[in-house]
Amino acid sequence: MAQPDAPRRFAAIDCGTNSIRLLISERAADGTLTELNRDNIIVRLGQGVDATGGFAPEALQRVDDALATYAQRMVEHHVEDVMMGATSATRDAKNRDEFFAITARHLGRIVDGRQAEVISGEQEAELSFAGAVADLPSGTSERICVIDLGGGSTEFVVHDVDADGAVADTGTVEAYSANMGCVRLTERYLHSNPPTAEEIAAAEDFVAEQLREVEEHVDLTGVTRLVGVAGTMTTLSAITQGVDSYQPEKIHLSRLPLRTFRNTAIDLRDKTVDQRLECGPMHPGRADVVGGGAVVIDAVASRFMALGVEEITISEKDILDGMLAKVMRRNGA
């Protein structure tokens with residue numbers, strides 16, 4: 001047990017359909033939070049899940065390898081506790097027990113009995129919201145919609161933030177997880193390189209149907225700020241800004257015209273994988289599926305522009321930061 005005045009270290013791991021990410025932070029006795037490590041490994045856990053209903057053996061091996069790296073890193077940082085969230089692909093997979101056994105083996109090195117926790121789409125949305133709005137400048141109350149565009153699903157959450165930047169106590173959090181993401185759309189519809197007009201049209205029809213479901217659960221009218229999180233959003237921010245490499249300090253809290261952001265998405269959608277890789281900020285593990293995410297962004301941007309929203313804010317902070325806050329709360333830190 002750490003001494004009362006000693007800094008304490010905690011971690012969060014987000015395992016999505018496309019990537020697995022680690023955040024390690026230190027909480028000082030005075031409450032100061034210092035980020036020690038933030039990393040991302042593309043594992044494509046959702047490979048083939050939409051078609052087969054189960055995780056591919058090679059995908060599980062990639063997760064095993066990534067978690068071995070992350071567990072060793074947590075040991076070296078003397079992490080006290082960790083929360084690992086398992087989201088869209090895990091909720092869908094028939095052989096999910098194999099996945100959880102892998103997570104138990106590695107997380108058990110940090111806390112005996114710890115393993116990944118299934119997070120519902122609505123919980124995922126609320127955790128993403130808490131992380132995404134943490135660094136937004138205060139000064140005015142806003143109604144914010146956070147969109148977390150992942151590999152298998154996209155979470156929408158709408159809530160009010162007060163003038164001090166805190167999530168308002170009043171009002172209801174409206175959240176919905178839609179079964180559309182960059183990997184799911186690419187595997188289901190975008191088979192050509194580049195996608196054909198017919199493939200894109202089919203993907204657009206599916207996304208339009210999903211958006212109608214979103215609006216049956218979440219009221220998008222009245223939103224004053226749109227915030228995008230996760231890899232597709234941050235990558236498009238970097239490309240829209242014209243930076244030649246991935247630079248988090250330029251991406252975090254970047255504010256971009258929604259029309260320009262949408263145009264970047266459409267341009268990427270229509271490129272070949274090799275052409276996408278020529279974009280400096282593009283991660284090699286994202287280039288083949290970013291077109292699916294671009295279809296989602298095209299539709300979402302068009303809808304919000306019709307509602308009078310003219311820009312999007314991109315946050316580097318998301319569900320990882322929300323999960324880290326949760327693991328610290330359960331440890332009284």
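Which charged end sits over the ring of F206? In this predicted model, the charged end belongs to R188, and its distance from the centre of the F206 ring is 5.0 Å.

**Aromatic pairs**

The ring of F206 also has an aromatic partner. Its centre and that of Y189 are 5.7 Å apart, with the planes at 40°, so the pair is classed as tilted. Y189 belongs to the loop between helix 6 (182-188) and helix 7 (197-217), while F206 belongs to helix 7, so the pair ties together parts that are 17 residues apart in sequence. Buried means under 20% relative accessible area. Y189 has 18% and is therefore buried; F206, at 11%, is buried as well.

The model has 3 aromatic pairs. In another of them, F99 and F100 have ring centres 5.3 Å apart and planes at 75°, so this pair is edge-to-face. Both F99 and F100 are buried. Ring pairs also join F55 to F99 and F100 in a cluster.

**The sheet of 6 strands**

Strands of a sheet pair through backbone hydrogen bonds, in either a parallel or an antiparallel sense. One open sheet has 6 strands in the order 8-7-6-9-11-10, and its pairing is mixed. Strand 8 (174-178) and strand 10 (254-257) are at the edges with a single partner strand each, so one side of each has no neighbour in the sheet. From one strand to the next, the twist averages 25°. Strand 10 pairs with strand 11 (residues 311-314) in the antiparallel sense, over 4 bridges. In this pairing, L256 is opposite I312 of strand 11.

Two helices that pack on this sheet are listed below.

| Helix | Strands touched | Angle with strand 10 |
|---|---|---|
| Helix 8 (residues 231-241) | strand 6, strand 9, strand 10, strand 11 | about 70° |
| Helix 10 (residues 258-269) | strand 9, strand 10, strand 11 | about 85° |

**The sheet of 5 strands**

Another open sheet has 5 strands in the order 3-2-1-4-5, also with mixed pairing. Its edges are strand 3 (33-42) and strand 5 (117-118); each has a single partner strand, so one side of each is left without a neighbour in the sheet. Strand 1 (residues 8-15) and strand 2 (residues 19-27) form an antiparallel pair over 8 bridges, in which A11 is opposite I24 of strand 2.

Helix 2 (residues 57-76) lies across strand 1, strand 2, strand 3 and strand 4, and runs at about 5° to strand 2. Helix 13 (residues 319-329) packs on the sheet and touches strand 1, strand 2, strand 3 and strand 4, with its direction at about 135° to that of strand 1.

Note on methods:
Residues are numbered from 1 along each chain as its sequence is written. This is a predicted model: local features need pLDDT of at least 70, side-chain atom pairs count only at pLDDT 80 or more; totals for chains, interfaces and linings use all residues. Side-chain values use heavy atoms; hydrogens and water are left out. Two strands pair if DSSP finds at least two bridges between them. Helices (H or I, at least four residues) and strands (E, at least two) are DSSP runs, numbered from the N terminus. Axes are lines fitted to C-alpha atoms, for helices over the stretch in contact, and angles run from 0 to 180 degrees between N-to-C directions. Contact means heavy atoms within 4.5 Å. Rings of Phe, Tyr and Trp (its six-membered ring) pair if their centres lie within 6.5 Å; planes under 30 degrees apart count as stacked, over 60 as edge-to-face and the rest as tilted. Buried means under 20% relative accessible area, exposed over 50%, partly exposed in between (1.4 Å probe, protein chains only). A charge sits over a ring if NZ of Lys or CZ of Arg is within 6 Å of the ring centre and within 35 degrees of the ring normal.
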